[in-house]
Amino acid sequence: MSEVENKVVPVESEEKDYVEDGKNKLIVKCKFCGSKILDKKSAKYITLEKELPLMQQDNNRKEGEIQNESVNEFYHVENMYTFENIGFTHTVANCKYLSCADCDAGPVGYYDMETKHSYVAISRIVHA
Amino acid sequence: MAKTYDYLFKLLLIGDSGVGKTSILFRFSEDAFNISFISTIGIDFKIRTIDLDGKKVKLQIWDTAGQERFRTITTAYYRGSMGIMLVYDVTNEKSFENIKNWIRNIEENASADVEKMILGNKCDLEAKRQVSKERGEQLAVEYQIKFIETSAKDSLNVESAFYTLARDIKAKMEKKQEASNPAGARSGAHQIRANEQQRKPTSWLSRCSLL
């Protein structure tokens, strides 16, 4: 879970139309209910590789099994109070997962207990 | 980085086990997410941003579920908290009687000027009710604490309760600021108070009725 383990993937951030000056150009919202998660230009765009549990786990999966996927584009939030609306789960292996404060969909990202930084998975949110 | 908000309030949800504290924080809707990953881990706290009379207020709301079996909340939880929601279940007499014990626990552990509010939750379960609204109101008068009945299940009054608590904390802070700096604080503070009452709720408050 620590940052050291996260491999930095070299991607040219300038190519992304939702990134401006290295930050989120647009408002970040929940994919499902539209709840506002981040204000525009409040978080840094970064690429790193991270395994995150799927938002919708297969009901037929084996008991105790967690289905993950690799996510590699994030918004980096250094101060948790930068968030407009967000939920933090209880701690699992030195990390808290982030969830929508309104509909509880998630994980939409994670919070690193060591650095106290949060990471919002861009593939799990929408821009507005 | 520059601060992007005017106030930050730490709030706690306190009360007996099973009164619905977690439901107040964690929206148990019927949709599929609740059988998903997040619900199995549970929410520790939420950050909410609200607009209070033109000020951007961040609320950090903590659930104390799981702690309450010790009949007391540890001092660590209370540290820095500025507002406390005391929750009982209107269908559970014991949880109502225990509000007094929780208030004592707060007096012993929390900061003396912490704002409090009493919530009589599960008011949608009228047939099972054991505690009348009048008794809730009476208790509130006795302790001079605001009171409202809520239904986390129907999202009734939950958000407005948080607005009320936040507004009371803000008013208290402004009063303090004014007292310590009468000349400087005057310009903004009075203007704010003038339109406090008719302020229309936004976002997550829009789903429920006003106090």
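Among contacts in chain A between residues at least 6 apart in sequence, what percentage join residues at least 24 apart? In this predicted model, the figure for chain A is 54%, while in chain B, among contacts with a separation of 6 or more, residues 24 or more positions apart account for 74%. With these two values in mind, the chains can be taken in turn.

Chain A is built with zero helices and eleven strands, so that its pattern along the sequence is simply β-β-β-β-β-β-β-β-β-β-β. Of its 128 residues, 50% count as buried, and its accessible surface comes to about 6,100 Å², with 47% of that area belonging to carbon and sulfur atoms.

A view into the interior of chain A is offered by Leu38(A), which has its place in strand E4 (residues 36-38) of chain A. Leu38(A) counts as buried because its relative accessibility is 0%, and the cut-off for that label is under 20%. Leaving aside residues up to four places away in sequence, Leu38(A) touches Asn24(A), Ile27(A), Val28(A), Ala43(A), Tyr75(A), Val77(A), Thr82(A), Phe83(A), Glu84(A) and Val120(A). Arg124(A), which is 86 residues from Leu38(A) in sequence, is 13 Å from it in space, C-alpha to C-alpha.

Ala93(A), by contrast, is found in the loop between strand E7 (86-89) and strand E8 (95-99) of chain A, and it counts as exposed because its relative accessibility is 55%, where the label requires over 50%. The C-alpha atom of Ala93(A) is separated by 9.2 Å from that of Met113(A), a residue 20 places away along the chain.

Several backbone features of chain A deserve attention from anyone checking its geometry. Most residues other than glycine have a negative phi, and most peptide bonds are trans. Against that background, Asp104(A) has a positive phi of about 65° although it is not a glycine; Asp104(A) is found in the loop between E8 and E9 of chain A and is buried, with a relative accessible area of 1%. The loop between E8 and strand E9 (109-112) of chain A also holds Pro107(A), and a cis peptide bond, with omega about 0°, joins Gly106(A) to Pro107(A). Lys116(A), which lies in the loop between E9 and strand E10 (117-121) of chain A, likewise has a positive phi of about 65° without being a glycine.

The passage from one chain to the other can be made through a pair of strands. E7(A) and E2(B) pair in the antiparallel sense over four bridges, and within this pairing Thr89(A) has Ile43(B) as its bridge partner in E2(B). Strand E2 (residues 43-52) of chain B is mostly covered, nine of its ten residues being buried. E2(B) also pairs in the antiparallel sense with strand E3 (residues 55-63) of chain B, over eight bridges, among which Leu52(B) has Lys55(B) as its partner in E3(B). E2(B) and E3(B) form a hairpin with two residues between them, and Asp53(B), in the turn, has a positive phi of about 55°.

Chain B as a whole contains seven helices and six strands, following the pattern β-α-α-β-β-α-β-α-β-α-β-α-α along the sequence. Of its 211 residues, 52% count as buried, and the chain exposes about 10,200 Å², of which carbon and sulfur atoms supply 51%.

Helix H4 (residues 93-109) of chain B repays a closer look. Its 17 residues should span 24 Å at 1.5 Å a residue, and because its end C-alpha atoms are 25 Å apart, the expected and modelled values agree. H4(B) nevertheless has a kink of about 30°, centred on Ile99(B). Ile99(B) is one of the buried residues of H4(B), which also include Phe96(B), Trp102(B), Ile103(B) and Ile106(B). The buried residues of this helix pack against strand E1 (7-15), helix H3 (75-78), strand E4 (83-89), E5 and H5 of chain B.

Two of those packing partners, E5 and H5, lead to the last feature described here. Strand E5 (residues 115-121) of chain B runs parallel to strand E6 (residues 146-149) of chain B, joined to it by four bridges, and Gly120(B) stands opposite Glu149(B) in E6(B). The chain crosses from E5(B) to E6(B) through helix H5 (residues 133-143) of chain B, making a β-α-β crossover that is right-handed.

How values were computed: Residues numbered from 1 in each chain as written. Chains lettered and ligands numbered in written order. Predicted model: local features only at pLDDT ≥ 70, side-chain atom pairs only at ≥ 80, totals over all residues. Heavy atoms only, no water. Buried < 20%, exposed > 50% of the residue type's maximum accessible area, 1.4 Å probe, protein only. Contact = heavy atoms within 4.5 Å. Areas by Shrake-Rupley, 256 points an atom, 1.4 Å probe, with all protein chains shown as cover. Pairing = 2+ DSSP bridges. Right-handed = clockwise from strand over helix to strand, strands pointing away. Expected span 1.5 Å × (residues − 1). Bend = angle between axes of the 7 residues up to and from the residue.
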